[in-house]
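Okay, thanks everyone. I'll take a few minutes on aromatic rings, then on empty space, then on one serine. Have a look at the screen.

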Amino acid sequence: MFGTDKADFQENLPEQVSLFNVLDRRTAIESLDALVYALRPSHTATLLGRTAIGLDANVFLRLSGHAKSVDIIDYLSATHSAPLILPGQAIQEFWNNQLQAVDTVTSGLRKKFDSLKADFGKVDKNFGDYAAQIDELLEKFSAEHGHIYEEGTVRKTLALLEMLQKKALVPYAPRLKFREIAAQRKKTKTPPGFKDEGDGDFFIWVDLLTGLQKAKAAGHDFDLAVLISHDQKIDWSRAGIAHPILVAEAKALVGVPFEIWTIEKLASEIANAT
């Protein structure tokens, strides 16, 4: 039965289940039970301190700018005793896709200059020469210092990343070993990642599962696994409910329920726990 009691999830669970076998369906997963549970969800009565927490790349900047960011980072760094997992894929996803959302010093100057240039045109066309010179200087500045990001955003994001440096497990699953499975799962629209062209989301998931299994093997005991994510595509979740296939795979591998939370949900759980 697919319940919320820890014993239900660990009943008949092999001591060491292969991640490859679970993803390739050589090990059976309880997908029907997970589907029924998804359509009739109930609150998982699990202490936050016994919840393994994974972080998706898309929450780094949001978490840094969240109103409760200090409380969240303080809790994760000083209080949380269950595994904290940063999938290795999330690091490169953040650099490749998320960091572009941060204004650099150059982009901030560019926005102000575009406004100034419009004002030049309103006053006197002769000012156009000044606009061209400023534009040329901005291009030079961008070429030499375009990597410098806005100080406030960097400071908050670095506080989060430095906490993760000290506390988080950063797992990587073998890429070549799972490449064919990734391709086949995309063809059969197996979550996550079938809504995207690449395999980034798939490897976020595989790295997270790798981290959960490593944490279990190292003796860490937890009753629930969650991924903090703001990805709302149906290959991850629907109306806040994790895709049943993901739930069934997590259960088959590590014997615990799996949920997807937003930052707001995490902040609420921290407030209730402290």
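Let's start with a cluster: Trp205, Trp236 and Phe258 are linked together by ring pairs. Before I go on, keep in mind that this is a predicted model.

So how many aromatic pairs does a search of the whole structure find? The answer is 5. One of them is phenylalanine 202 with phenylalanine 203, and that pair is edge-to-face, with 5.0 Å centre to centre and 75° between the planes. Both phenylalanine 202 and phenylalanine 203 are buried.

Back to the cluster, then. Tryptophan 205 and phenylalanine 258 have ring centres 4.9 Å apart, and their planes sit at 65°, so we call that pair edge-to-face as well. The cut-off for that label is over 60 degrees. What I like here is where the two partners come from. Tryptophan 205 belongs to helix H11, residues 200–217, while phenylalanine 258 is in strand S6, residues 258–261. That puts them 53 residues apart, so the pair links distant parts of the chain.

Buried or exposed, what is tryptophan 205? It's buried, because its relative accessibility is 0%. Phenylalanine 258 comes out at a relative accessible area of 3%, so that one is buried too.

Rings also turn up with charges over them. Lysine 216 has its charged end over the ring of phenylalanine 222, 4.5 Å from the ring centre. Then there's lysine 265, which lies over the face of tryptophan 261, 5.2 Å from the centre of the ring.

Now, empty space. Searching the whole structure for cavities of 30 Å³ or more turns up 1. The largest cavity has a volume of about 50 Å³. Which residues line it? They are Ala182, Arg185, Lys186, Thr190, Pro192, Gly193, Gly198, Asp199 and Phe202. You'll recognise Phe202 in that lining, from the pair with phenylalanine 203. Helix H10, residues 175–187, gives the largest share of the lining, with 3 residues. By class, the lining splits into 3 nonpolar, 3 polar and 3 charged residues.

Last stop, the serine. Serine 237 is in strand S4, residues 237–238. Its relative accessibility is 9%, so serine 237 counts as buried. And what is serine 237 in contact with, leaving aside neighbours within four places in sequence? That would be Asp231, Gln232, Ala242, His243 and Ile260.

That's it from me, thanks.

Technical notes
Residues are numbered from 1 along each chain as its sequence is written. This is a predicted model: local features need pLDDT of at least 70, side-chain atom pairs count only at pLDDT 80 or more; totals for chains, interfaces and linings use all residues. Side-chain values use heavy atoms; hydrogens and water are left out. Rings of Phe, Tyr and Trp (its six-membered ring) pair if their centres lie within 6.5 Å; planes under 30 degrees apart count as stacked, over 60 as edge-to-face and the rest as tilted. Buried means under 20% relative accessible area, exposed over 50%, partly exposed in between (1.4 Å probe, protein chains only). Helices (H or I, at least four residues) and strands (E, at least two) are DSSP runs, numbered from the N terminus. A charge sits over a ring if NZ of Lys or CZ of Arg is within 6 Å of the ring centre and within 35 degrees of the ring normal. On a 1 Å grid over the protein atoms alone, a cavity is a set of points where a 1.4 Å probe fits but cannot get out, and a pocket is an open set with protein on both sides within 12 Å along at least five of seven lines; lining residues have an atom within 4 Å of a point. Grid points are joined across faces, edges and corners, and a volume is the space filled by probe spheres set on the points. Ala, Val, Leu, Ile, Met, Phe, Trp, Tyr, Cys and Pro count as nonpolar, Asp, Glu, Lys and Arg as charged, and the others, Gly among them, as polar. Contact means heavy atoms within 4.5 Å.
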